[in-house]
Amino acid sequence: MTLAASGLAKAYGARRLFEGVTLHLSPGRRVALVGGNGTGKTTLLEILAGRGEPDAGTVAKPRDTRIGYLPQDLREVYEGTVRGHVMAGAGHLSKLAGTLQELEHRLSASPDCQDELVARYGETQAQFEQLGGYALEAEVAKILAGLGFAPSDSQRPVAELSGGWRMRAALARLLASEPDILLLDEPTNHLDVDSMSWLERRLAAWPGCLLFVSHDRDFIDAVADRIVELAAGTTTAYDGGFAEFVVARTERIERVEAAAARQAREVARVERFVERFRYKASKARQVQSRVKTLEKLERVQMPSRSELAARFAFPPPPRSSRVVAELTDAAVGYPDGEGPVVAGATLAVERGQTVALVGPNGAGKTTLLKLILGELSPTAGQVRIGASVRVAAFGQHQADELDGAKRAIEVFSAGIDPGRRNLRTVLGAFGFRGDDADRRVAELSGGERTRLALARLMVEPANLLVLDEPTNHLDLPSCDILEDALGAYPGTVLLVTHDRHLIRAVADALIEVRHGRAVWHLGADESVLFPQALPEQPAPDPQAARTPSPVRADRAERRRASAQERAATSKLRRRVAELERAWAATDAEVTELHRRLSDPAVYERPEEVHALASAHTEAAERAAALLAEWETSLAELEALDSRPEGGSAAE
């Protein structure tokens, strides 16, 4: 089953999201849709899922195609148990199972028409078995376990679950239904590293069409074999994972920039001709021809690099003691619990460290965090909080609590002493530049509100920053801003996140919370960030753990080769530009010498005529040589620029 979209366009009032979008999804193709907040990724998914209508264009698919769609936020209220909800996802099998139960009841209750009922039961049972019905329960149990549900959770009512766990149940239902086309909008927002690792492996082997939106680089790299970027109102496709996308996108932008520069030079040359001969009757036809050429010219559109270059200069926070928090054989639990959530924890968080807490949901990360911060008392052992520790905390739902009627700059600056800082400049570093700082909070997207809440928090004079899932709903450029901000933050950071790229970029150490234990790992241990990727083995040697896998090593080698090729291309591009400037200067010199030789008065001075003639000849020869070298170098560069690229359609 395939899905083909052609010429899709969507606008809200005067705001155009996209137009001319063409996608082709085929079985086995796994496509990641990336782009900034507000570019229309969710709207595009809704149109493909049949939950929205485009202003123009069509979506074509075979009549019996089954599409599964996971939105960012669930609005439906589900009834029944977790197991029943997930089982119902396999609707065709659930219907057959219901028919079997009905026939069994009729066979036991009615002595009449036994032969007919037995025949129908046999046919239905054979169909149910052929379609894998008897393996469905085992498959559902496997999916629920992979997404972090305990066996006892299967009988819990879905309505009792938190929003994050309801999203997991909805994802489990979709996976169990095995649709022909699977559309996922930020499926990792509510997953821990264990569940993400399991989902990566599941989706990497997905046999149908898969299109998903994600800001998680590692997840994209593990699952996608093609990236489609939605930017500037259109889509561009790139083969490979995220690492290949970054390289290919940079190369494409450089090619377009070079083409735009060449076009600009040609336009400037034509405009100079028009301006010079506009009022000469003998040149009127040529002037009009060039004017029409300029009017018909399709200008090369410069693509956005989607980079929010940020510069952070946080004020020095109040100095805390060297040890911010220290646990010695500590245990913690709740009075109504059966035992400690975490026991035997011994660790120390020092001033200036960034420490990430990782582990499956429900393992006790939040409980341990409360213990470290002194919000819970230990049931055993000791906890010592350092002197002069001032905490600033970001919760998962903090962005939703901002006052929608206020402007971004008002929310950001409320109660802050600017000192010598320009708060608009500081807010601009978080992506709110110019008029964006004066937008109402209610007008901001979810990712923009999250960014504003983080900016407000990080500018406070605190020396311990606690962040709980700060990357949810952030686009990739915003995640880069957060990464840069954490790198520049002078205080201590405790970070709970499933974004492994962010952890790897900023964390000095990990606290792995699992099976009632809290284990300290120095650095961003890959075996902790990618759990259960291989069958259980003895603990790896720390040095060996740093050795990249063959796949990652191959990607790294390709990136190095590509970087070398880009460097050579850039060097050639600079050489072309240098030759062009040198030729233009020499050509201007030839023109000036020719003008002076054209002056009749100069021939009254024979010595000067001889010198001018010699200089003209020498300059003309230099200009010819430079032009020849420029043409050769330009041909080489254009040959590199004309190599095939990803194209604009996803297959």
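**View 1. Ser633, a buried residue in helix 20.** In this predicted model, Ser633 is buried, since its relative accessible area is 9% and anything under 20% counts as buried. You'll find Ser633 in helix 20, which covers residues 606–641. Setting aside the residues within four places of Ser633 in sequence, look for its contacts with Leu572, Val576 and Leu579.

**View 2. Strand 1 and its two antiparallel pairings.** Start with strand 1 (residues 3–12) and strand 2 (residues 15–25): they run antiparallel and are joined by 7 bridges. To get your bearings, pick out Ala11, whose bridge partner in strand 2 is Arg16. The hairpin formed by strand 1 and strand 2 has 2 residues between the strands, and Gly13 there has a positive phi near 65°. Now turn to strand 4 (residues 56–60), which pairs with strand 1 over 4 bridges, again in the antiparallel sense. Here the pair to spot is Ala9 and, opposite Ala9 in strand 4, Ala56.

**View 3. Helix 6 meets helix 7.** This close-up takes in helix 6 (residues 163–177) and helix 7 (residues 193–204), whose axes come within 13 Å and cross at roughly 20°. Angles under 35 degrees count as roughly parallel, so helix 6 and helix 7 are roughly parallel to each other. The crossing of helix 6 with helix 7 is left-handed. Who does the touching? On the helix 6 side it's Arg168, Leu171 and Leu175, while helix 7 brings Ser195, Trp198, Leu199, Arg202 and Leu203. Sorted by class, this contact between helix 6 and helix 7 comes to 5 nonpolar, 1 polar and 2 charged residues.

**View 4. An open sheet of 6 strands.** Follow the strands across in the order 14-15-16-12-17-18; together they make an open sheet with mixed pairing. Strand 14 (391–394) and strand 18 (517–522) are at the edges, each with a single partner strand, so each has one side without a neighbour in the sheet. From one strand to the next, the twist averages 15°.

**View 5. A parallel pair, and a helix packed on the sheet.** Within that sheet, strand 12 (residues 354–358) and strand 17 (residues 509–514) run parallel, with 4 bridges joining them. One pair to look for is Leu357 and, opposite Leu357 in strand 17, Ile511. Helix 14 (residues 446–458) packs on the sheet, where helix 14 touches strand 14 and strand 15 (464–468). The direction of helix 14 makes about 175° with that of strand 14.

Methods
Residues are numbered from 1 along each chain as its sequence is written. This is a predicted model: local features need pLDDT of at least 70, side-chain atom pairs count only at pLDDT 80 or more; totals for chains, interfaces and linings use all residues. Side-chain values use heavy atoms; hydrogens and water are left out. Two strands pair if DSSP finds at least two bridges between them. Axes are lines fitted to C-alpha atoms, for helices over the stretch in contact, and angles run from 0 to 180 degrees between N-to-C directions. Angles under 35 degrees count as roughly parallel, over 145 as roughly antiparallel, 65 to 115 as roughly perpendicular and the rest as oblique. A crossing is left-handed if the near helix is turned anticlockwise from the far one by less than a right angle, and right-handed if clockwise. Contact means heavy atoms within 4.5 Å. Ala, Val, Leu, Ile, Met, Phe, Trp, Tyr, Cys and Pro count as nonpolar, Asp, Glu, Lys and Arg as charged, and the others, Gly among them, as polar. Buried means under 20% relative accessible area, exposed over 50%, partly exposed in between (1.4 Å probe, protein chains only).
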